[in-house]
Amino acid sequence: MREMATAHTCVFGLGWGDEGKGKVVDLLSTRFDVVVRFNGGANAGHTVWVGEEKFALHLLPTGALHADVSAVIGPGVVVDPTKLVEEIDGLAARGIDVGDRLKISDRAHLVMPYHKLEDQLAEACASVPKKIGTTARGIGPCYADKALRTSAVRFSDVLHSQDFRERITTLTKDRIRTLQARFGEDIELDCVNAADAVMAACDRLKCRICDTTEFLHSAMDDGQSVLFEAANGTLLDINHGTYPYVTSSNTGPHGIGPGAGVPSHSAERLIGVTKAYTTRVGAGPFVSELHDEIGDQIRKQGNEFGTTTGRPRRCGWFDAVATRYTAKLTGATDVAMMHLDTLANFEQVGICVGYEYAGKTSSTFHAHSDILEQSKPVIEFVPGWQDCIRKIRRFEDLPSEARNYVSRVESLVGVPVTLIGVGPERSQTIVRGALEQFVQIPEATTT
Ligand code: IMP
């Protein structure tokens with residue numbers, strides 16, 4: 001157990017994913033006994049820099065990087081077993097043994113090879129306005145099967161179904177027939193190879209499958225502290241996001257109940273992560289998107305290319321309308337603003353403070369994607385800063401323009417910005433206010 005009692009905490013994205021959650025979770029992980037993933041699957045890509053070493057985790061909770069932290073994959077996650085084994089082996093090859101610390105919920109569902117195929121085919125065939133631009137990791141088809149129930153596979157089946165191999169082979173054959181009827185007779189998937197791959201991965205993972213709900217309740221009863229690591233971002237939430245351009249799970253702290261098996265209110269500190277500007281990958285409305293050289297400059301300075309798919313990210317000014325919406329609906333207690341360093345060298349920096357639609361300006365986030373698509377951003381400009389801020393560790397030492405920018409965002413979003421990222425490394429972070437007691441920033445390893 002940790003020395004000091006630490007409030008159970010959730011770290012989640014306030015935007016469309018890729019906000020820099022990996023670094024925040026990683027900074028906090030050492031304060032917690034358990035780190036839990038509770039939604040999504042290998043569509044997530046959490047990047048963490050340790051010194052000059054880059055780690056990109058997709059399925060493993062970021063806590064897996066720390067030797068004395070338990071890493072839990074909760075019931076709400078959809079797990080591609082072959083990807084998970086690859087990730088475990090990848091860490092082992094770099095000297096990090098996940099070992100017994102990893103616990104996979106017996107209630108979590110398996111992403112099967114045919115889910116990935118279906119995801120790719122559906123995207124390839126969708127007409128452009130409804131092409132979602134998924135990560136092709138089989139997330140939507142797997143959650144759809146989970147909701148259908150009869151065609152879904154859970155990790156408890158790996159342990160307890162007598163005829164597991166037969167079942168997954170039958171499910172694969174059935175699905176191929178359905179996919180052929182939908183997408184064409186030439187659709188192929190080698191059922192034997194697919195079943196072999198799933199079986200081999202499940203054999204490796206078997207010893208990690210358990211009742212993580214029971215594990216978490218006991219850990220919490222014993223006074224252990226838990227960090228809930230959300231994947232994706234709240235604007236991608238299946239209920240509250242820019243539907244249908246969303247993912248298929250609850251991506252904020254409201255997903256803890258269904259996805260981790262403990263009450264959502266267990267998490268008292270709710271750290272919403274955003275970048276100092278806004279990005280999105282895939283299709284869907286993005287009111288403050290920049291289609292000009294400023295957008296290109298942000299992409300270049302921020303290295304905005306997807307961790308999971310390598311796709312260039314769409315970039316725009318910070319969207320305060322969207323971020324206030326997600327901060328409110330999640331009840332964020334803190335905002336972590338990442339990538340402030342990326343905004344250096346702009347004469348002025350924009351903030352989207354309203355949406356203009358049909359001649360009216362509004363600051364509410366509309367439910368209909370078409371209306372958002374047609375909305376124009378109302379941009380407020382504030383002076384930029386020219387200095388590199390990567391070596392700064394105290395808020396007071398930031399250029400006054402950068403401080404004013406953070407304060408303006410804070411007042412628009414309505415939640416204090418208590419953590420600021422000024423570079424990719426763990427050490428390149430400023431903490432302030434309530435988080436000062438909570439987060440210890442390590443010494444620089446490279447600068
Ligand atoms: P899916 O989750 O692969 O079905 O993709 C649905 C939408 O969510 C697509 O626009 C993806 O690009 C986006 N998406 C899903 N996960 C992430 C993420 O972790 N970061 C950024 N975008 C994501």
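This briefing describes a ligand site, a loop beside it in the discussion, and the charged pairs of one chain. The structure is a predicted model. The ligand has 16 residues around it, and the protein covers 97% of the 470 Å² of accessible area that the ligand has on its own. The loop between strand E10 (226–229) and helix H9 (256–260) holds Asp237, a buried residue with no salt bridge. Elsewhere, the salt bridges come to 26.

**Ligand site**

- Asn43, Thr135, Asn232, Thr247 and Arg311 come nearest to the ligand among the 16 residues around it.
- The side chain of Asn43 places an N or O atom 2.8 Å from an oxygen atom of the ligand.
- Arg311 also contributes through its side chain, with a polar atom 3.0 Å from a ligand oxygen.
- Ile132 takes part through its backbone, a polar atom of which is 3.4 Å from an oxygen atom of the ligand.
- With the protein present, 97% of the ligand's own accessible area of 470 Å² is covered.
- By residue class, the shell around the ligand consists of 6 nonpolar, 8 polar and 2 charged residues.

**The loop between E10 and H9**

- Asn232, one of the residues that come nearest to the ligand, is located in this loop.
- The phi angle of Asn232 is near 70 degrees, which is positive although the residue is not glycine. Most residues other than glycine have a negative phi.
- Asn232 counts as buried because its relative accessibility is 8%, and the limit for burial is under 20%.
- Pro244 belongs to the loop as well, and the peptide bond leading to it from Tyr243 is cis, with omega near 5 degrees. Most peptide bonds are trans.
- Asp237 is buried and without a salt bridge; Lys21, the nearest side chain of opposite charge, is 12 Å away. A salt bridge requires the nitrogen and the carboxyl oxygen to be within 4 Å, so Lys21 does not qualify as a partner of Asp237.
- Asp237 does have polar partners: its side chain is 2.8 Å from the backbone nitrogen of Thr251, and a polar contact of 3.5 Å connects it with the side chain of Asn250.
- Thr251 is itself a loop residue between E10 and H9, and it is classed as buried because its relative accessible area is 0%.
- The side chain of Thr251 has a polar atom 2.8 Å from the backbone oxygen of Gly233. Thr251 is thus contacted at its backbone nitrogen by Asp237 and at its side chain by Gly233.

**Salt bridges**

- The chain contains 26 salt bridges. Side chains of opposite charge can pair when their charged atoms come close.
- In the pair of Asp26 and Arg426, the closest N and O atoms are 2.3 Å apart. This pair connects distant parts of the chain, with Asp26 in helix H1 (residues 21–29) and Arg426 in the loop between strand E19 (417–421) and strand E20 (429–431), 400 residues apart.
- Asp26 falls in the buried class because its relative accessible area is 2%.
- Arg175 and Glu118 form a further salt bridge, with 3.0 Å between the closest N and O atoms. Here helix H6 (residues 164–183), which carries Arg175, is linked to helix H3 (residues 113–125), which carries Glu118, across 57 residues of the chain.
- Arg175 and Glu118 are both buried.
- The salt bridge of Arg394 with Glu396 has its closest N and O atoms 3.9 Å apart. Arg394 is classed as partly exposed because its relative accessibility is 47%.
- Asp18, Lys275, Glu304 and Arg313 are joined into one network by salt bridges that share partners.

**Other positions**

- Asn345, in the loop between strand E15 (334–338) and strand E16 (348–357), has a positive phi near 75 degrees.
- Asn345 is placed in the partly exposed class because its relative accessible area is 45%.
- Glu166 is a residue of helix H6 and counts as exposed, since its relative accessibility is 56%.
- The C-alpha atoms of Glu166 and Arg101 are 31 Å apart, while the two residues are separated by 65 residues along the chain.

Key
Residues numbered from 1 in each chain as written. Predicted model: local features only at pLDDT ≥ 70, side-chain atom pairs only at ≥ 80, totals over all residues. Heavy atoms only, no water. Near = heavy atom within 4 Å. Polar contact = N/O pair within 3.5 Å; in protein donor to acceptor, adjacent residues only side chain to side chain. Areas by Shrake-Rupley, 256 points an atom, 1.4 Å probe, with all protein chains shown as cover. Nonpolar A, V, L, I, M, F, W, Y, C, P; charged D, E, K, R; others polar. Helix = DSSP H or I, 4+ residues; strand = E, 2+ residues; numbered from the N terminus. Buried < 20%, exposed > 50% of the residue type's maximum accessible area, 1.4 Å probe, protein only. Lys, Arg positive; Asp, Glu negative; His and termini not counted.
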